[in-house]
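Please open the model in your viewer and keep the selection tool at hand. The stops below are arranged so that each selection leads on to the next.

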Amino acid sequence: METINTKEITRYKAELTKAEKYSEGLTVTSKEHYEAASKEGHEIALILKTIITRREQITKPLQAALKSARELFKPLEDRACDALENIKGKMLDW
């Protein structure tokens with residue numbers, strides 16, 4: 001599995017800190033402000049897309065492994081549950 005680069009996380013945090021400060025101090029009172037805000041919003045959306053893509057690079061293999069493990073053991077679990085139900089049913093009949 002690929003290791004997580006903590007410098008990468010730190011860079012995202014720094015970029016998002018700037019974005020948060022920008023958004024908190026933003027006032028749109030002219031076309032120029034609107035265009036600047038639009039540009040900044042686009043840049044933040046790109047950062048978000050990059051973060052989501054990176055997260056999925058890590059989580060998708062884990063989800064696939066989890067699915068595989070569940071599929072592997074499901075038939076055994078079903079058989080065990082059926083056997084338990086059979087035993088309990090016969091005990092109740094008695």
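The tour begins with the whole chain and then moves from one group of residues to another.

**The whole chain**

Begin with a cartoon of the entire chain, keeping in mind that this is a predicted model. The protein has 2 helices and 0 strands, and its C-alpha trace spans about 85 × 30 × 15 Å along the principal axes. The radius of gyration is 26 Å, whereas a compact globule of 94 residues would have a value near 12 Å. If you now switch on a surface, the protein exposes about 8,500 Å², of which carbon and sulfur atoms supply 61%. Buried residues make up 9% of the 94 residues, and the next stop shows two residues that count as buried.

**Arginine 54 and glutamate 8**

Select arginine 54 together with glutamate 8 and show their side chains; the two form a salt bridge in which the closest N and O atoms are 3.0 Å apart. Arginine 54 lies in helix H2 and glutamate 8 in helix H1, so this pair ties together parts that are 46 residues apart in sequence. Are these two partners buried or exposed? Arginine 54 has a relative accessible area of 11% and is therefore buried, and glutamate 8, at 14% relative accessibility, also counts as buried.

**Salt bridges within helix H2**

A search of the whole structure finds 6 salt bridges, and two others can be picked out along helix H2, which covers residues 31–93. Select lysine 31 and glutamate 35, whose closest N and O atoms are 3.9 Å apart in a salt bridge; both residues lie in helix H2, 4 residues apart, or about one turn of the helix. Lysine 31 is exposed, with a relative accessible area of 60%, while glutamate 35 is partly exposed at 44%.

Then move along helix H2 to glutamate 71 and lysine 67, which form a salt bridge with closest N and O atoms 4.0 Å apart. Here too the partners are 4 residues apart in helix H2, about one turn of the helix. Glutamate 71 is exposed, with a relative accessible area of 51%, and lysine 67 is exposed as well, with 52%.

**Glutamate 40**

Next, select glutamate 40, which is also found in helix H2. Which side chain of opposite charge is nearest to glutamate 40? The answer is lysine 39, which is 7.1 Å away, and glutamate 40 is buried yet has no salt bridge. A salt bridge requires a side-chain nitrogen of Lys or Arg within 4 Å of a carboxyl oxygen of Asp or Glu. To see what surrounds this residue, display Ala19 and Tyr22, with which glutamate 40 is in contact once its neighbours within four places in sequence are left aside.

**The patch at leucine 26**

For the last stop, return to the surface view and select Leu26, Val28 and Tyr34, which make a nonpolar surface patch of about 290 Å². Leucine 26 is found in the loop between helix H1 (6–25) and H2, and at 34% relative accessibility it counts as partly exposed. Colouring Leu26, Val28 and Tyr34 together on the surface will show where the patch they make is located.

Definitions and conventions
Residues are numbered from 1 along each chain as its sequence is written. This is a predicted model: local features need pLDDT of at least 70, side-chain atom pairs count only at pLDDT 80 or more; totals for chains, interfaces and linings use all residues. Side-chain values use heavy atoms; hydrogens and water are left out. Buried means under 20% relative accessible area, exposed over 50%, partly exposed in between (1.4 Å probe, protein chains only). Lys and Arg count as positive and Asp and Glu as negative; His and the chain ends are not counted. Contact means heavy atoms within 4.5 Å. Patches are made of residues with over 30% relative accessible area and no salt bridge: like charges are joined within 9 Å, nonpolar side chains (Val, Leu, Ile, Met, Phe, Trp, Tyr) within 5 Å. Accessible areas come from the Shrake-Rupley method with a 1.4 Å probe; for residues, only the protein chains shown count as cover. The radius of gyration is taken over C-alpha atoms; the globule rule is 2.2 Å times the number of residues to the power 0.38.
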